[in-house]
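Student: I have a structure open on my screen and would like to learn how to read it. Can you walk me through a few features?

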Amino acid sequence: MRSIAPWACTPADSRGRLYAEQGGIRGPRDAFQRDRDRIIHSIAFRRLRSKTQVFMAPDGDHFRVRLTHSLEVAQIGRTVARALGLNEDLTEALCLAHDIGHPPFGHAGERALEEALAGQGGFDHNGHTLRTLTVLERPYPGWDGLNLTWDMLEGLAKHNGPIHEPQWALAEADRQFPLDLTSWPSLEAQVAAIADDIAYDNHDIDDGLRAGLLTLDQLMEVPMVAEGWRTVESSYPGTDRKRLIGEMVRSQIGTMANDLIAATRVRVADSGVQSIGDVRAAGRCLAHFSDVMREAERGLKAFMYANLYHHPDQIAAADAAHQIVAGLFAAYAADPGLMPAEWREALPADAPWRSRHIADFIAGMTDRYAIKRYREVIGPIDLPEGF
Ligand code: MG
């Protein structure tokens, strides 16, 4: 039996679910295990398989998509949570769910919806995660949403720390089940957030090289990566480049996770927290990298923005994605009859809910489905290489 830290979340101390549940055959699972399973069994989670992570609707089978990204985040998050004596199931559930509110085509799709809802509250993927899980998923006879624990909703709402001015979708979730938005969330949520960074910092190097948008030579500009490359090259002389890249990325994930674990132990000890209440009241993030790793990671991110995320091919793909999402919104707003019956019949008459409802429909789409609907309701579209 591994030891649980006194500042970990526990199912026994959970603030519970909004709607009381009873009966049914539920198996020997605690509240956080059930949360995790509800995520895995949700429709929104299954749709992540065809949603962009970095590469649009990738037809290359080896690239990450939102689903495989979320699995990698969960794997890193669980490792860190276990090492720190935190609740592994809650951490895993938070990691699996953290990107569930992403619209098709990642941030390009998000920007198009944000513009479409300008003046009507806007669109934000994290707010939409809460909306998806508390309103739009409807597998239960007695209520809308997945009826997740407070601890789970809190961790998702505050994925990036305390919130002082919640966006409308978050504010709705908070009104329904108050989430103490202005405090820091649990360490489980803090670990899930940084596991997200560790996952994409590394898998985007791997995918960027695979796609040919990054070169190893370019990556040598990043001191942390250059050092990792020199280490694997000297440890495995004469080895195939592909294997060395794999080894380099794998080692860097390990180095970052180990740094996170060690630095978090120190911060937790220095802070004097004794309970989950103390974690929420600490007034600062306790789970993060050492200062040295934080700087190194910032350097890596700056490089990735300049060379991969803002690569001309990626910008061309983002422009096409924007055209698809903006075009669909305009078409449905002009003629809601173009939406499937289920969505058309539930359309609210007035602003802002009418527009938000249309955005809900579009945000749920996979990349593939959005392209298909665009061709059906608007017409042909030329897509850049890689779509
Ligand atoms: Mg993510």
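**Reading a covered helix and a domain interface**

Tutor: Let's begin with helix H7, which is mostly covered: eight of its eight residues are buried. Keep in mind that this is a predicted model.

Student: Which are the buried residues of H7?

Tutor: They are Trp-150, Asp-151, Met-152, Leu-153, Glu-154, Gly-155, Leu-156 and Ala-157.

Student: And what do the buried residues of H7 pack against?

Tutor: A set of helices: H1 (31-40), H4, H6 (125-136), H8 (168-176), H9 (187-211) and H13 (276-281).

Student: Let's zoom out. Which domains does the domain assignment give?

Tutor: The protein chain is assigned domain 1 (30-176), domain 2 (190-310) and domain 3 (314-377). For domain 1 and domain 2, the C-alpha centres are 22 Å apart.

Student: How do I read the size of an interface?

Tutor: People often give it as the accessible area that is lost when the parts come together. Here, domain 1 and domain 2 bury about 2,000 Å² between them, and 72% of that is on carbon and sulfur atoms. Counted by residues, 24 from domain 1 are in contact with 25 from domain 2.

Student: How many salt bridges does the rule find across the interface of domain 1 and domain 2?

Tutor: Three. To look at a salt bridge up close, pick the side chains of Asp-207 and Arg-64, which meet at 2.9 Å, N to O. As for polar contacts between domain 1 and domain 2, the count is seven residue pairs, both residues at pLDDT 80 or more.

Student: Which elements give two or more residues to the side of domain 1 that touches domain 2?

Tutor: Those are helix H3 (66-83), helix H4 (88-97) and helix H7 (150-157). H3 gives the most to that side of domain 1, with eight residues.

Student: Now the cysteines. What is a disulfide, in general?

Tutor: It's a covalent bond joining the sulfur atoms of two cysteines. In this model, the count comes to zero disulfides.

Student: Why is Cys-95 not in a bond?

Tutor: Because the closest cysteine sulfur, in Cys-9, is 13 Å from the sulfur of Cys-95, which is too far for a bond. The cut-off for a disulfide is 2.5 Å between sulfur atoms. Cys-285 is in no disulfide either: its nearest cysteine sulfur, that of Cys-95, is 14 Å away.

Student: Is Cys-95 buried or exposed?

Tutor: Cys-95 counts as buried, because its relative accessibility is 1%.

Notes
Residues are numbered from 1 along each chain as its sequence is written. This is a predicted model: local features need pLDDT of at least 70, side-chain atom pairs count only at pLDDT 80 or more; totals for chains, interfaces and linings use all residues. Side-chain values use heavy atoms; hydrogens and water are left out. Buried means under 20% relative accessible area, exposed over 50%, partly exposed in between (1.4 Å probe, protein chains only). Domain bounds come from an automatic or database domain assignment. Contact means heavy atoms within 4.5 Å. Buried area is the accessible area (1.4 Å probe) that two parts lose on being put together, summed over both. A salt bridge is a side-chain nitrogen of Lys or Arg within 4 Å of a carboxyl oxygen of Asp or Glu. A polar contact is a pair of N or O atoms within 3.5 Å; within protein, one must be able to donate a hydrogen and the other to accept it, and residues adjacent in sequence count only if both atoms are side-chain atoms. Helices (H or I, at least four residues) and strands (E, at least two) are DSSP runs, numbered from the N terminus.
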